[in-house]
Amino acid sequence: PTCLEPTALNTSNITNNSATLGWTAPNPAPGLGYEYYYSTTNTPPGGSGTFESGTSVNITGLTANTTYYWWVRSKCSGSEFSTWVAGTSFKTACDPASIPFTEGFESGYTDQTAVGGCWTQQSMAGADVWTANSTKTDYNRTPRTGSFNAYLLYSNTDWLFYPVTLSGGTAYKFSVYARQDGATSANASITLAYGSSPSDAGMTNTVVNAQGIVNGNYQEVAGVFTPSASGT
């Protein structure tokens with residue numbers, strides 16, 4: 001072919017309503033840039049796409065909590081194009097929750113599967129993740145209320161993140177209930193924090209620092225904080 005395909009397709013900066021699509025130019029680069037196309041269905045484009053002169057584009061107006069598929073092709077002349085190349089699908093983030101916000105893992109979760117939906121996770125140690133549960137009761141895994149809870153197996157350290165909208169200068173109470181089955185409170189702990197991005201590095205404001213959890217009944221881990229600025 002005389003009109004070569006772009007390579008190294010990638011997606012970044014994914015929010016609840018936008019994302020950045022990127023790719024690498026072929027050699028030689030196309031004379032008239034590129035066309036890209038995105039959709040909520042995994043059906044390759046049958047016609048033309050949207051023109052882009054560079055090798056990245058920020059798309060906006062997306063629907064929250066939705067999976068998108070995308071393609072890009074080189075435009076070498078007015079009538080000569082490369083084949084369409086598919087990028088990796090991506091899912092937009094959820095709209096931030098308003099306060100008060102509560103979660104009992106009662107709706108939208110599947111027993112013995114990773115907690116997902118609008119929650120995201122980051123594993124810091126161990127291979128397991130926070131798991132939705134409605135059937136296991138051993139190792140103190142019986143829910144405190146309702147039919148579901150979430151558990152994390154021993155020898156694992158994992159964050160759970162959820163987007164919420166906060167107002168600067170307003171005091172909030174951050175509270176969770178937890179228990180574990182180890183002999184002492186040194187066997188498990190809960191940290192409560194907030195920040196500007198769903199990552200370990202983004203959790204720049206600690207509300208409760210690694211409070212040990214006791215064996216036996218559920219205990220409340222809670223703290224009060226006041227953000228200095230409004231935002232998600």
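Reader: What makes Arg141 and Asp138 a salt bridge?

Author: In this predicted model, the closest N and O atoms of Arg141 and Asp138 are 2.6 Å apart, and because a salt bridge asks for a side-chain nitrogen of Lys or Arg within 4 Å of a carboxyl oxygen of Asp or Glu, the pair is counted as one.

Reader: Why is Arg141 called buried, and why is Asp138 called partly exposed?

Author: Arg141 has a relative accessibility of 10%, and buried means under 20%, so Arg141 counts as buried. Asp138 has a relative accessible area of 39%, and since exposed means over 50% and buried under 20%, Asp138 is therefore placed in between, as partly exposed.

Reader: How do you know that Arg73 and Glu35 tie together parts that are apart in sequence?

Author: Their side chains meet in a salt bridge at 2.9 Å, N to O. Arg73 lies in strand S6 and Glu35 in strand S3, so the pair ties together parts that are 38 residues apart in sequence. Arg73 is buried, with a relative accessible area of 11%, and Glu35, at 8%, counts as buried too.

Reader: What makes the pair of Lys173 and Glu220 a salt bridge, and is Lys173 buried or exposed?

Author: The side chains of Lys173 and Glu220 meet at 3.2 Å, N to O, and because the cut-off is 4 Å, the pair is a salt bridge. Lys173 lies in strand S13 and Glu220 in strand S16, so the pair ties together parts that are 47 residues apart in sequence. Lys173 has a relative accessible area of 57%, and exposed means over 50%, so Lys173 is exposed.

Note on methods: Residues are numbered from 1 along each chain as its sequence is written. This is a predicted model: local features need pLDDT of at least 70, side-chain atom pairs count only at pLDDT 80 or more; totals for chains, interfaces and linings use all residues. Side-chain values use heavy atoms; hydrogens and water are left out. Helices (H or I, at least four residues) and strands (E, at least two) are DSSP runs, numbered from the N terminus. Buried means under 20% relative accessible area, exposed over 50%, partly exposed in between (1.4 Å probe, protein chains only).
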